[in-house]
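Reader: I have a structure to go through before I set anything up. Can you take me through it?

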Amino acid sequence: MLKVLLLFIILIVGIVLGPVMSGHQGYVLIQTDNRNITTSITALVIMFLLLQFLLIFIGWSYRRLKRTSSSTHSWIFGGHQRNRARSQTRQALLKFAEGDFKQAEHLMTRNIDHSEYPVVNYLLAAEAAQQRGDYFRTNQYIERAAEVAEKDQLPVDISRVRIQLVQGEVHAARNGVDKLLNQAPRHPEALRLAERAYSLSGAYQSLIDILPSMMKAKLHNEDKMHEIRQQAYVGLMNQTIAEKGCTGLKVWWKDQSRKIRHDIVLQVSMAEHLIECNEHDTAQKIILDGLKQQYDERLLLLIPHLKANDTEAVQKTLVHLLKQHGTTPLLNSTMGQVALHHGEWISAETAFKAALAQRPDAHDYAWLADALDKLQKREEATQTRRKGFMLTLKRDSNAEA
């Protein structure tokens, strides 16, 4: 178009200036064997410009005709099939959203060879078949998607692992996420699937290894990530004691970082395992060290289960906590249970009465009655047991209501 505009400008300039220069046009002689052609310079320029315009017009007409012919040929030989495939894919997506998975699968696979992205159609058809519970067709579609995807296998592998997890093929999914993480170690969906696969298969060390990548990918908020880390370490702790016993568990705990050994949830789990193994001295050290770092009732609840030799350390810690946090019901109850276990009946009576003055509790009533029996206070012990029994009945009736 720019050329045409330029030619017209030159033509107009020639028309305007031609008459002015009419007296000074000169002439042009074109001589052949049989003929002589004479014309003015102005006429020659005008004829040249007209010829250029004619050539441009012919070229434009040829290109337009060729494009129209190509479009017609494309429509006749497959274009309408692509349009139909596109329309059916849109309908399939709507059916998928509606939950009509059978119809969605049918529409996804019709004219799939003419679809713009056949791998997407196969993957969505696999999802629809999986929703219907047709695992045979699901696997067929996944394999077909892998064939048409060629080098871009990541979407296919992600869909395969996701479907394996839904189908309960946990070990296959775990192998799949290992390959995924080799291809794309920071891909959010690959990490999300790896989290599920490792948790379900008990691969807690593998889960711990990908926690930094999960944090960078911001899959969860900080609290959720902390919870996942705790669950992974508790799972690893359970595996260690099952495979190597309490000795192996103590070695494992010693090898952990200070951050892990100072985690309250892990301290509680570790102390519980040690108490079950009759490693009361080690369990007591973990509990008391944890309470010195941070007051937590979950650790406090484990103290009555200890049968360690150093009871004085426990009593000192409890007295220190009373000074720091005041006479809470749980602290008083814990002190009463420790005193009861060591035959300190008067101290037990005082502590349980202090706890019951703050809140009624059936267990504290029962323990107080035991201490009163040892002190030969039979009548008071009977009344205390009756209060505990009535509290239990009231609690049970409220639970049934």
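Author: What follows covers the overall make-up, the cores and one helix of this predicted model.

Reader: How many helices and strands are there?

Author: The protein has 20 helices and 2 strands.

Reader: And what share of the residues is buried?

Author: Of the 401 residues, 37% are buried. The accessible surface is about 24900 Å², and carbon and sulfur atoms account for 55% of that.

Reader: Which residues touch the most other members of the largest nonpolar core?

Author: Y198, I210, M214, I287, L300 and I303 do, in a core of 56 residues. Helix α11, residues 222-255, supplies the largest share of this core, with 11 residues.

Reader: Is there a second core, and what does it include?

Author: A separate one of 17 residues, with L107, A125, A146 and I163 among them.

Reader: Back to I210. What is it in contact with, leaving aside neighbours within four places in sequence?

Author: I210 contacts L181, L191, A194, E195 and Y198.

Reader: Which residues of α8 are buried?

Author: In α8, the buried ones are E189, A190, L191, L193, A194, E195, A197, Y198 and S201. They pack against α6 (154-166), α7 (170-183), α9 (204-209), α10 (211-217) and α11.

Reader: How far does α8 reach from its first C-alpha to its last?

Author: Helix α8 spans residues 188-201, 14 residues in all, and reaches 20 Å, close to the 20 Å expected at 1.5 Å a residue.

Reader: What follows α8?

Author: G202, with a positive phi near 75 degrees.

How values were computed:
Residues numbered from 1 in each chain as written. Predicted model: local features only at pLDDT ≥ 70, side-chain atom pairs only at ≥ 80, totals over all residues. Heavy atoms only, no water. Core = buried A, V, L, I, M, F, W, Y, C linked by side-chain atoms within 4.5 Å. Buried < 20%, exposed > 50% of the residue type's maximum accessible area, 1.4 Å probe, protein only. Helix = DSSP H or I, 4+ residues; strand = E, 2+ residues; numbered from the N terminus. Contact = heavy atoms within 4.5 Å. Areas by Shrake-Rupley, 256 points an atom, 1.4 Å probe, with all protein chains shown as cover. Expected span 1.5 Å × (residues − 1).
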